[in-house]
Amino acid sequence: MKTLISSDVRLLANLIQEGKVVIFPTETVYGIGASTKNEAACLRVYVIKGRPKDNPLIAHFPSIEAIEESCVLGNLGRKLLEKFSPGPLTLILPKKDKSLFPKELDTLAVRIPKNPVIREWIRLTGGPVSAPSANLSGRPSLTKLTDVVRYFEGKVDGILIAEEPSFGIESTVVSLVGEHPTLLRPGSIESEELKTLLPDLVVPNLFETSPAQSLSTVPLSPGTKYKHYAPTAQVILASRDEFIHSLEVGFDPKDTAWIGFTFPEKIRKGKLAQDLEKTSAKEDEGFKKFDHFSLVSTNEEYASKLYAFFEACDFAKIQTIICETPNLGRGWEGLRNRLEKASRRN
């Protein structure tokens, strides 16, 4: 299959109208999308990703008005979208149009991407466009065009070139179905921010392994049922002291990588750094010399780099990735959730 890789939004919109599958960037991660009005095209997305059939997709819309044509938005939903959209907020809403994929659900996960180029592309497709993150199921979402092309060229019909993702983790998901609004997936919009409009927001414990769910349970949102966001390498989540200790105890520098806030001077200039300088580096397929240390200064920067670092580690055949626990404060909630999911082995 030949993949059209282009920044021409009209050409890529035509592919969606023809029932094809297109990868596109949002402010969070890349998505792999098909027309929400075309069940066969949406089902093909599942096949390409190897995604479980009961893991729903998010429908991407160009505007609040377009969402209101397809779903019961209500006053509360409108206020949330007016405050946080266009941007990384997904709402679970009751459907008006029962023909939209997935037909077996009475609800639809909806959001409006921040990039105006992507919103115009969705508008040109006739919208909405249903898309999970562009990755192989269970693996980290992709945030770099080079990774998208490496995984999906020849497997999808088109790849839309536009501004690459900057947030780095998937959208915050809130369900407005049921007695109380519920946070289903944390993201860059914090639960405390949401509570300014949703004082009765239900926030489950998102940082402990959930009890096993019945296979008959149908989730309303992606990222809530299956193992997710994990590279091939083993991910270890470490406190600051544990992180520094891991740098000092002599992990094999060829097989280990670190991402975090704390790289003491004696580590950066010591034996471990010297050993890393001696290791061979991958230079092919668009990767420059692999850097075993990824230093970040804020939770937001950490989130923006995380998935691309996971991909680079896997490409360099790193066996262990040691991740420093995020700092408390802004950006902690969603980042901690992704790191905990990545560190689970099942």
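Does Thr 36 count as buried or exposed, and at what relative accessibility? At 1% relative accessibility, Thr 36 counts as buried (under 20% relative accessible area with a 1.4 Å probe on protein chains only; exposed is over 50%, partly exposed in between). A word on the ground rules: this is a predicted model, where local features need pLDDT of at least 70 and side-chain atom pairs pLDDT 80 or more, while totals for chains, interfaces and linings use all residues. Residues are numbered from 1 along each chain as its sequence is written, and side-chain values use heavy atoms, leaving out hydrogens and water.

Back to Thr 36: look for it in the loop between strand S3 (30-35) and helix H2 (39-49); helices (H or I, at least four residues) and strands (E, at least two) are DSSP runs numbered from the N terminus. Leaving aside residues up to four places away in sequence, Thr 36 touches Cys 42, Ala 59, Leu 100, Phe 101, Pro 128, Val 129 and Ser 130 (contact means heavy atoms within 4.5 Å).

Now helix H4 (residues 74-84). Its buried residues are Gly 77, Leu 80, Leu 81 and Phe 84. They sit on the same side of H4 because they cover an arc of only 95 degrees around the axis, taken from the directions from the helix axis to the C-beta atoms. Those buried residues pack against helix H3 (64-70), strand S5 (89-94) and helix H7 (191-194). Exposed Asn 75 and Glu 82 are on the face of H4 turned away from the buried side.

Last stop: an open sheet of 4 strands, ordered S11-S14-S12-S13 with parallel pairing (strands pair if DSSP finds at least two bridges between them). Strands S11 (234-238) and S13 (293-295) stand at the edges with a single partner strand each, so one side of each has no neighbour in the sheet.
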